[in-house]
Amino acid sequence: ADSLRLPCARVCRTPTPPLLFSGMDVNNLQNFDAFADADDEQGDNSKIHIRVQQRNGRKCITTVQGLADDLDIKRICKAFKKNFSCNGAVTKDEEMGEIVQLSGDQRTNVKAFLTDQEICRDGQIVIHGF
């Protein structure tokens, strides 16, 4: 039987790789995120509303409401004014609480600032406007 086998058949044929995990049920390779529920548990889920109000002509005001009561809102307003090079003020409302008013359309800047400084999560911010 050895004399009938061609020498080239041994050299040319590549061995087939064994099938990995054939017939085995592997449960430890499932997709599992250990931190998936960590964002839901910490902090409150109150929404922060960022709106733009048209004044006259091209002028507009950005308002930020819904920031947590334990935050220093005057200090946040001061940081907004310094980083965005705009004017701003904090007004008190009976229903809405403290509202930050900024001059100009600062919606994207405010959202980026709040998420970068970890004041709130991205899912908490609602941007309104035209």
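**Asp 69, a helix pair and a pocket**

Let me start with Asp 69, which has 80% relative accessibility and therefore counts as exposed, since the cut-off for that class is over 50%. One caution before I go on: this is a predicted model.

Where does Asp 69 sit in the chain? Asp 69 belongs to the loop that runs between strand S2, residues 60–65, and H3. In sequence, Asp 69 and Glu 98 are 29 residues apart, and their C-alpha atoms are 8.4 Å apart in space.

Next, the helix that follows this loop. H3 packs with helix H4, residues 107–116, at an angle of about 120°, and the two axes are 11 Å apart. That angle makes H3 oblique to H4, because the range for roughly perpendicular ends at 115 and roughly antiparallel begins over 145. The crossing of H3 past H4 is right-handed.

Now the second largest pocket. Its volume is about 160 Å³. Which residues line the second largest pocket? The lining is made up of Leu 71, Asp 72, Arg 75, Ile 76, Ala 79, Phe 113, Gln 117 and Ile 119. Helix H3, residues 73–84, gives the largest share of that lining, with three residues. Sorted by class, the lining of the second largest pocket holds five nonpolar residues, two charged and one polar.

To recap: Asp 69 is exposed and lies in the loop between S2 and H3. H3 then packs with H4 at about 120°, and H3 also supplies the largest share of the lining of the second largest pocket.

Notes. Residues numbered from 1 in each chain as written. Predicted model: local features only at pLDDT ≥ 70, side-chain atom pairs only at ≥ 80, totals over all residues. Heavy atoms only, no water. 1 Å grid on protein atoms, 1.4 Å probe; cavity = no way out; pocket = protein on both sides within 12 Å on 5 of 7 lines; lining within 4 Å. Points joined across faces, edges and corners; volume = space filled by probe spheres on them. Helix = DSSP H or I, 4+ residues; strand = E, 2+ residues; numbered from the N terminus. Nonpolar A, V, L, I, M, F, W, Y, C, P; charged D, E, K, R; others polar. Buried < 20%, exposed > 50% of the residue type's maximum accessible area, 1.4 Å probe, protein only. Axes fitted to C-alpha atoms, helices over the stretch in contact; angles between N-to-C directions. Parallel < 35°, antiparallel > 145°, perpendicular 65-115°, else oblique. Left-handed = near helix turned anticlockwise from the far one by under 90°.
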